[in-house]
Protein chains: 2
Amino acid sequence: MRETGLCSEVSETAAKELAPISHHRRIPVGQVIQSEHLGLGWLAIIVSGVVKLVKAQKDGRLQIVGLQYASDFIGHPYASKSSLTAEATTPLELCCFSRTAFEKLLRNHPSLEQALYRRALHDLDTAREWMFLLGRKNAREKLASLLVSISTRINGQPSGDADTLALQFNLPLSRNEIADALGLTIETVSRELRNLKIAGAISTTGRRGISVLNPDLLQRLAEGDIDDTLAVSPLTGL
Amino acid sequence: MRETGLCSEVSETAAKELAPISHHRRIPVGQVIQSEHLGLGWLAIIVSGVVKLVKAQKDGRLQIVGLQYASDFIGHPYASKSSLTAEATTPLELCCFSRTAFEKLLRNHPSLEQALYRRALHDLDTAREWMFLLGRKNAREKLASLLVSISTRINGQPSGDADTLALQFNLPLSRNEIADALGLTIETVSRELRNLKIAGAISTTGRRGISVLNPDLLQRLAEGDIDDTLAVSPLTGL
DNA sequence: CGCTCCCTTTGACACAGATCAATGGCCCAA
DNA sequence: TTGGGCCATTGATCTGTGTCAAAGGGAGCG
């Protein structure tokens with residue numbers, strides 16, 4: 001189940017038919033790719049950048065329920081008009097298709113349909129992993145998990161096996177967005193980020209820069225199998 | 001996007017081909033329908049009963065990441081061998097298919113494949129709704145949400161539109177399982193259940209019986225748009 | 001080059017929910 | 001019908017994370 005670009009999962013001929021109905025688009029940070037847009041007329045593949053999927057309630061509470069990276073698909077054919085909002089968290093390059101043209105194409109290329117199905121199953125798995133995080137991990141574990149997850153996805157397509165994690169990268173999310181992804185507040189995010197630094201797992205540069213100093217430690221912190229306070233003990237300071 | 005039995009989403013002919021490769025099975029409460037079983041050889045449709053999908057970590061923490069009811073599908077073709085465990089929370093009747101036979105059938109019936117795809121999208125939506133609950137709702141809202149969700153699914157196929165919620169039913173989950181579904185402890189579940197009773201939203205009989213006295217109130221408690229403590233004020237007691 | 005503005009960090013305190021510890025009562029088996 | 005085990009309830013206390021408030025510092029703009 002290698003996670004590669006949709007195009008590479010698809011037959012050559014389908015790819016050729018796809019090209020003429022697609023068009024390229026640039027999106028600035030913060031722009032909402034409206035649910036209406038996606039729901040009604042358009043589907044897209046991310047060429048570069050990161051998109052957050054947000055679920056909101058009228059009272060203003062919100063939760064990021066998914067992050068999509070380069071080569072991921074945005075919007076679903078036969079879409080359930082769910083209350084999801086998609087928004088660019090970094091500058092974005094999209095490759096867009098009209099829904100109707102795409103669905104017509106689908107009918108002629110079962111392999112494309114199957115690729116979408118597998119992708120949906122993968123998203124489902126990711127979502128359930130995240131449910132465990134939200135329900136059963138503490139703040140430190142949540143933050144460490146997010147960093148591991150981002151660092152394995154941020155460069156290239158490989159989807160987070162092994163030690164493929166980037167050791168240096170820019171966060172595609174602000175502190176506020178991190179909080180919204182983890183079900184925390186911005187203050188707690190800040191504090192636990194500091195704890196990860198004290199523990200020697202990471203270091204930061206500026207607002208977005210992250211260096212993973214000890215990938216193994218970070219991974220263990222993410223799963224909580226650490227003698228805990230030892231790793232974050234004051235010793236490090238001296 | 002009506003949620004009906006898989007069989008009814010499928011052409012007559014496909015259903016006819018499905019029948020001979022299926023076999024019926026009864027499962028007692030608590031039995032694990034091992035990930036291995038499902039992952040390797042079998043797929044199933046639930047005829048009656050409720051199944052919980054559990055994600056666990058070595059340290060013993062666990063989180064219920066999905067509930068499947070009558071007419072739901074268990075196991076995925078082309079399955080990702082995720083660390084999921086499926087377990088019967090009530091006595092179960094399953095209609096089982098061998099994976100290979102089913103996948104062969106799939107190849108000849110695109111409509112079946114599409115039905116599975118839509119189902120996966122629906123599950124994804126459900127999972128994301130649950131992510132919001134886990135990340136952003138408080139204990140009372142979580143419990144009210146779960147009760148609404150169960151009461152709309154427990155009888156028949158209709159998937160939770162409108163006021164189709166059952167006003168009287170038996171919980172398919174123990175207190176412990178409820179806690180594991182909501183990311184809470186059993187004690188908090190017990191206390192908030194009492195609060196819902198005091199608020200006049202529900203009443204309970206025995207360990208499993210639930211009566212929804214005020215569906216509207218329960219719904220509003222689930223979304224937190226209630227002047228809060230008013231609804232659970234001590235007045236009710238006098 | 002320096003000045004804002006806004007994002008982020010840090011601190012003090014409050015509170016929802018976890019933890020620890022009994023007690024209660026449903027449900028099954030004999 | 002009765003006994004007993006286990007699930008659930010209730011209470012007391014503790015703690016992780018939220019809330020409120022203020023100070024610090026990147027990054028873009030003039």
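Two residues count as in contact here if their C-beta atoms, placed from the backbone, lie within 7 Å. Keep that in mind as you click around this predicted model.

**Stop 1: where the chains meet**

Start by colouring chain A and chain B separately. At their meeting place, 35 residues of chain A are in contact with 36 residues of chain B. Which elements of chain A give two or more residues to this side? Select β5 (62-68) and α4 (110-136) of chain A, and you have them. Now keep just α4(A) highlighted: with 20 residues, α4(A) gives the most to the side of chain A that touches chain B. Try colouring that side by class too, and you'll find 14 nonpolar, 10 polar and 11 charged residues.

**Stop 2: one chain onto the other**

Next, zoom out so that both chains fit on the screen. Superposing chain A on chain B takes a rotation of 180° with 0.0 Å of shift along its axis, and the RMSD is 0.0 Å. The two copies are thus related as by a two-fold rotation axis. Look back at the interface as well: 100% of the interface residues of chain A are also interface residues in chain B, so the copies meet through the same surface.

**Stop 3: a strand with two faces**

Hide chain A for now and select β11 of chain B, residues 209-212. Turn on the side chains. Which of them are buried? B:I210 and B:V212 are, and they point to one face. B:G209 and B:S211 point to the other face and are not buried. This fits a general pattern: in a regular strand the side chains alternate between the two faces of the sheet.

**Stop 4: the partners of β11(B)**

Add β9 of chain B, residues 168-170, which pairs with β11(B) in the antiparallel sense over 3 bridges. Look for B:F169, standing opposite B:I210. Then add β10 of chain B, residues 202-205; β10(B) also runs antiparallel to β11(B), joined by 4 bridges. Here B:T205 stands opposite B:G209. Follow the backbone from β10(B) into β11(B) and you trace a hairpin with 3 residues between the strands. In the turn, click on B:G206, which has a positive phi of about 65°.

**Stop 5: two crossing helices**

Finish with α6 (residues 175-182) and α7 (residues 186-198) of chain B, whose axes are 8 Å apart. At what angle do α6(B) and α7(B) pack? The angle is about 100°, which makes α6(B) roughly perpendicular to α7(B). To see the contact, show B:R175, B:N176, B:I178 and B:A179 in α6(B), then B:I186, B:V189 and B:S190 in α7(B). By class, this contact has 4 nonpolar, 2 polar and 1 charged residues.

Conventions: Residues numbered from 1 in each chain as written. Chains lettered and ligands numbered in written order. Predicted model: local features only at pLDDT ≥ 70, side-chain atom pairs only at ≥ 80, totals over all residues. Nonpolar A, V, L, I, M, F, W, Y, C, P; charged D, E, K, R; others polar. Buried ≥ 20, exposed ≤ 12 C-beta atoms within 10 Å, placed from the backbone. Pairing = 2+ DSSP bridges. Axes fitted to C-alpha atoms, helices over the stretch in contact; angles between N-to-C directions. Parallel < 35°, antiparallel > 145°, perpendicular 65-115°, else oblique. Least-squares fit on C-alpha atoms with pLDDT ≥ 70 in both.
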